[in-house]
Amino acid sequence: MKNVLYVFVIFIGVAAALFVSTIWIEMFLRMFFIPTEDPVNILVLGLDKDIGGTRRTDVILVASIDLEKKKMMISSIPRDLMIDGKKINSYYQSEGLEKFKKRIEQLTGITIKRYFIVDYDIFKFLGDELGPIEVFVDRPMHYKDVAQNLEIDFTPGYYKMKGKELLAYLRFRKTAEGDIGRLDKQRVIIEKLAQKALQKNVFALTELYREIKKRTEFNIEIGEVVYIFSKVKKGLQIESIPFPFYIAEDGNLYLDESKIEEYRASFATREKKLEERYRYYVINNTNNKSASFREKVENLFASKGYKPNNIFYEGVDVDIKKNAVLILRKNEGLKNFVDKLLKDVFSETEFEVVYVEDRLDYISKYLAIIGELTKNGKKIVFPIDFIIILAGDLKI
C-alpha cells in the first residue's frame, strides 16, 4: 500500500544519480529555468490493475515537502473513506485526475500542483531487477483474490524475495485501519531497493530510470526532481500525519469532522497536530495469575491514560525471563511513545527495549509468541506496533 511514496523516493535518487553523468548534462541549464514552489505538494496514487474496465486508486497519499525546513509531511487517505455516498477510491475513474485532485485539496487544505501515479506492477519489475531483498515478515499473511490473480501466503519469519513475492508482500492489507500510516515496513523495503539501485553503474541506472519512467505518470520535470533532491538530501525529516476518520456502525469509514481542522493545520504549520494511534499488547509472564494482580495492572494503565489493545494474563508461554518491550518497526515517534509509556506507567521498573529485527535472539522469541497467541485463539489484530512482556520484579 503506502510504499508507493517510496517508488517516488527511488525515482528521485536514481534521477539525481543520473543527473551528474554526461547523459543528463544537457538538462543542467533547464533546472535553473524551472520554477519550483515551496512547499512542493504531491499527490501520490497507486492504481489497481484494470479489472472489468474499472481502475481504482488502491493508494491515496499526499506528500508535502518543505524545501527550506527540509521536512516532508505525508498522509495516507483511506481508500475506503466514504465521500458523498461513495468510496473515495472510485472517484479517480469517474471524475478524472483534476477533479480527484480537487477533492484531496478540500480534505487537506493545501494546493496540489504535482502528481505521481504508479501501477503496482512496478514493484515486480524492481524486485526482479534489484532483488532478492531480505524481508522480515512479522505476522501471518494469507489472502487470495482470484479477480486480480493475487495470492499471498507467508508465515512469520525471514524471506529473500524477488519480484512476484515482493509484490505480494507489499500488497498485503489485513484491515482498513492497517492501511493508515503504516509506512515503516515498506520504507525499509524501498530503502533496500534504492541502495541496490545506486550500486549499479551509470548505464544500468539509465536503463532503470527509463523503465521506471515507462511505468509511472507524473508532471515533475527532471530538473525539478534534482533541485528538490539537492535541497533535502541532507537532514530530511519525514513525518506521518494520521488521517482523521472513524468506523461507523455500518462498517464504513467516515471523515472525523471534529479533527479535520487539526489535520489541515499540520500541513499549514509543518507540525503534526494529531497523534498516531499505536496497537500494542501486554503479556503477563509472571507467576502471579491472581485476579487482584489483573485488576492492579489494568488500573495502572488506565490511571495513566493508556489503553493496550489487550492484556493476556495467562495461556501464553513466553521464553522471556525479564521485563521487555518488543518493538516491531523502527519509527522515532513510536520509540518516543514507548519511552513515555514506560516512564508514566512503570517509572520504577527496568525494561529492556528491543527492536525485534535487529536481535536474532529475539526473533525466534517473537515468532514463538505469535504462534502461541494464534494457536490459543487469542484476539489479536495485525499489524502490531509493540508487545510489552511482564516477567517479574514489577514495582507497581
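1. In this predicted model, strands E15 and E16 are joined by three bridges and pair in the parallel sense. Within that pairing, Ile 283 lies opposite Phe 312 of E16. E15 also pairs with E19, again in parallel, through five bridges, and here Asn 284 faces Leu 390 of E19.

2. The surroundings of E15 deserve attention. Five of the five residues of E15 are buried, so the strand is largely enclosed by the rest of the structure. Tyr 280, Val 282 and Asn 284 point one way from the strand, while Tyr 281 and Ile 283 point the other way.

3. E15 belongs to an open sheet of five strands, ordered E16-E15-E19-E17-E18, with mixed pairing. The edges are formed by strand E16 (310–312) and E18; each has a single partner strand, so one side of each is left without a neighbour in the sheet. On average, neighbouring strands of this sheet are turned by 15° against each other, direction ignored. Towards the E18 edge, E17 and E18 run parallel and are joined by four bridges, with Ile 327 opposite Tyr 355 in E18.

4. Two helices may be described together with this sheet. H11 lies across E15, E16 and E19 and runs at about 150° to E16. Helix H12 (residues 332–345) has 14 residues and spans 20 Å from its first C-alpha to its last, close to the 20 Å expected at 1.5 Å a residue.

5. Which residues of H12 are buried? They are Leu 334, Val 338, Leu 341, Leu 342 and Val 345. These residues cover an arc of only 95° around the axis, which puts them on the same side of H12. A general property of helices is relevant here: an α-helix has 3.6 residues a turn, so residues three or four places apart point the same way. The face of H12 turned away from its buried side carries the exposed residues Glu 332 and Lys 343.

6. The buried residues of H12 pack against several elements: strand E15 (280–284), helix H11 (291–303), strand E17 (324–327), strand E18 (352–355) and strand E19 (386–390). H12 is thus linked by contacts to E15, E17, E18 and E19 of the five-strand sheet.

7. A further open sheet has six strands in the order E11-E6-E1-E2-E3-E12, also with mixed pairing. Its edge strands are E11 and strand E12 (237–240), each with a single partner strand, so one side of each is left without a neighbour in the sheet. Neighbouring strands are turned by 20° against each other on average, direction ignored. Inside this order, strand E2 (residues 57–66) and strand E3 (residues 71–76) run antiparallel and are joined by six bridges; Ala 63 stands opposite Ile 74 in E3.

8. Helices also pack on the six-strand sheet. Helix H4 (residues 97–108) touches strand E1 (40–47), E2 and strand E6 (114–119), and its direction makes about 120° with that of E1. Helix H10 (residues 260–269) touches E2 and E3, with a direction at about 155° to that of E3.

9. Two individual residues merit a remark. Ile 220 is located in the loop between strand E11 (216–218) and helix H9 (222–232). Because its relative accessibility is 6%, Ile 220 counts as buried. Its C-alpha atom is separated by 7.6 Å from that of Tyr 115, although the two residues are 105 apart along the chain. Glu 372, in helix H13 (residues 360–375), is buried as well, with a relative accessible area of 18%, which falls under the 20% limit for burial. Setting aside residues up to four places away in sequence, Glu 372 touches Gly 315, Val 316 and Asp 317.

10. For the protein overall, there are 13 helices and 19 strands, and buried residues make up 54% of the 396 residues. Among contacts between residues at least 6 apart in sequence, 75% join residues at least 24 apart.

11. Confidence should be considered when reading the model. The average pLDDT is 81, and 81% of the residues score at least 70. Over residues 18–31 pLDDT stays under 50, and the model has 20 contacts beyond four places in sequence for this stretch. Residues 175–183 likewise stay under 50, with 31 such contacts.

Key: Residues numbered from 1 in each chain as written. Predicted model: local features only at pLDDT ≥ 70, side-chain atom pairs only at ≥ 80, totals over all residues. Heavy atoms only, no water. Buried < 20%, exposed > 50% of the residue type's maximum accessible area, 1.4 Å probe, protein only. Pairing = 2+ DSSP bridges. Axes fitted to C-alpha atoms, helices over the stretch in contact; angles between N-to-C directions. Contact = heavy atoms within 4.5 Å. Expected span 1.5 Å × (residues − 1). Arc of directions from axis to C-beta. pLDDT = per-residue confidence, 0-100.
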